[in-house]
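Me: I am new to this structure and would be grateful for a short introduction. May I put a few questions about it?

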Amino acid sequence: MARTPKVLEKFTVNIESLDQDGRGVAHRDGKVVFVEGALPGETVTYERFRNKNSYECGRAVSIEKESALRVKPACKHFGLEPGCCGGCAMQHLDPSAQVAIKQRVLLDALWHIGKVKPETILPPIYGPFWGYRHRARLTVRDVEKKGGVLVGFHERSSSYVADMTECKILPPAVSDLLIPLRRLVEKLSIRQRLPQIEVAMGGNGAIALVFRVLEEPTSVDMAAFEAFSLEYGVSVWLQPKGPDSCYPMHASDLTALKLELPEFGVHISFKPTDFTQVNHRLNETMVSRAINLLDVKPEHHVADFFCGLGNFTLPLAVRAKTVVGIEGSEQLVERARAGAADNGLAEKTQFVARNLFTWSTADWDALWTQLGGIDRVLIDPPREGALELARTLAATDKRPPRVVYVSCNPATLARDCAILQHEGGWHIRAAGVMNMFPHTAHVESMAVLEPGPKPEKKEVETESTAEVAQEVA
């Protein structure tokens with residue numbers, strides 16, 4: 001006997017703002033209400049699917065009063081209904097308004113979490129709104145009830161795969177592969193053992209597809225991969241275990257993908273499973289802004305923390321006397337060295353493998369002595385932020401005149417800026433957002449810091465430093 005679908009309660013509210021996940025925020029009966037698909041200034045009716053003591057969550061089912069910022073989504077797979085793609089959260093909002101809201105999310109995080117305010121708001125950095133996503137992880141499922149193999153992003157708030165035939169945020173050349181990839185996987189004997197396809201596109205237009213294979217492909221499967229590669233002009237990689245296990249079917253594809261930074265005459269070869277920024281055009285602008293804000297001079301010694309493959313290190317080396325790139329992965333460090341050599345920058349760079357989540361004042365002192373002083377610092381950490389590095393820069397008397405902090409998480413940026421300012425006396429000279437991921441709620445930002453007089457030490461740490469650091473972590 002089939003279950004009777006649960007009837008969700010409906011309520012009507014006035015939307016006041018957007019939260020950092022792109023949901024409308026309202027208040028009802030003393031509780032905060034988060035409404036998917038609602039925009040500031042709108043009156044909406046929503047159905048509630050989560051009810052807690054202090055808040056509730058719902059999705060908009062009708063718009064009683066519509067915002068002037070509401071636009072028609074460009075993608076037919078975007079929506080709130082069951083089965084809709086969950087890859088985007090804001091296609092119903094004007095792209096320029098998306099950026100303004102992300103700027104507000106950043107400033108709110110800096111103040112509410114860190115109790116800090118930038119002295120200047122940097123103008124937002126824009127890139128293309130569509131076809132920008134040069135890296136993506138697509139889920140694969142063989143679903144008989146839906147007609148066979150599906151390849152795409154997950155459905156909204158679900159582990160199911162959306163039935164996608166196109167994607168507006170992927171480059172057209174990649175979006176056009178969605179249906180052919182379905183047909184390819186359907187031919188494979190291991191289609192039930194192939195859970196994901198990672199896509200990467202180079203600035204030179206090269207496309208690589210990494211098939212996560214939990215079982216060794218047969219010779220017939222390999223022939224199918226080869227035929228697909230030839231027909232669509234893509235390189236095929238296989239990944240039997242973790243990201244480091246991936247390899248191309250043809251050795252000539254090892255250096256096919258390149259990240260281009262033409263302003264600096266730099267190119268960086270990368271593997272499709274490497275971390276690189278997904279939005280190449282925006283990355284070029286971001287690197288340019290960061291280096292200009294650092295005001296790097298030919299005599300400067302620069303430290304680049306969380307350097308990865310050298311996305312900032314190599315352009316910095318074009319402008320500076322020496323640059324040291326520090327990264328947690330020995331493999332990435334080795335490849336960053338190779339990238340420096342490829343670009344004729346080996347003599348101006350050095351790369352060090354070091355766990356930056358255990359960085360200490362002793363490490364900083366040793367680096368300072370090695371370089372004979374540090375004139376500029378670039379920090380580009382993962383979502384966890386740079387807590388120990390922030391503590392070190394707050395504590396040390398050996399302080400560089402300027403730091404640029406590139407962040408993919410406003411909460412950890414706020415935490416680290418709070419430590420730098422409240423404990424170390426650093427000034428947040430400027431901060432602003434970069435629209436790296438249009439139509440999503442993801443916020444990328446950049447802050448400029450300069451040292452000032454250290455505040456007097458207090459016996460009891462304030463909530464904005466130690467307690468906030470623990471809470472955010």
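Me: What share of the area that the protein chain exposes do carbon and sulfur atoms supply?

Reply: This is a predicted model, in which local features need pLDDT of at least 70, side-chain atom pairs count only at pLDDT 80 or more, and totals for chains, interfaces and linings use all residues. Residues are numbered from 1 along each chain as its sequence is written, and side-chain values use heavy atoms, with hydrogens and water left out. Accessible areas come from the Shrake-Rupley method with a 1.4 Å probe. The protein chain exposes about 21,300 Å², and the share from carbon and sulfur atoms is 51%.

Me: How much of the protein chain counts as buried?

Reply: Buried means under 20% relative accessible area, exposed over 50%, and partly exposed in between (1.4 Å probe, protein chains only). Of the 473 residues in the protein chain, the buried part is 54%.

Me: Is arginine 429 buried, partly exposed or exposed?

Reply: Arginine 429 lies in strand 21, residues 427-434 (strands are DSSP runs of E, at least two residues, numbered from the N terminus). Its relative accessible area is 27%, so arginine 429 is partly exposed.

Me: Which side chain does a polar contact of 3.0 Å join to that of arginine 429?

Reply: Leaving aside residues up to four places away in sequence, arginine 429 touches Glu119, Thr120, Val448 and Glu450 (contact: heavy atoms within 4.5 Å). A polar contact is a pair of N or O atoms within 3.5 Å; within protein, one must be able to donate a hydrogen and the other to accept it, and residues adjacent in sequence count only if both atoms are side-chain atoms. The side chain joined to arginine 429 at 3.0 Å is that of glutamate 119.

Methods:
Helix = DSSP H or I, 4+ residues; strand = E, 2+ residues; numbered from the N terminus.
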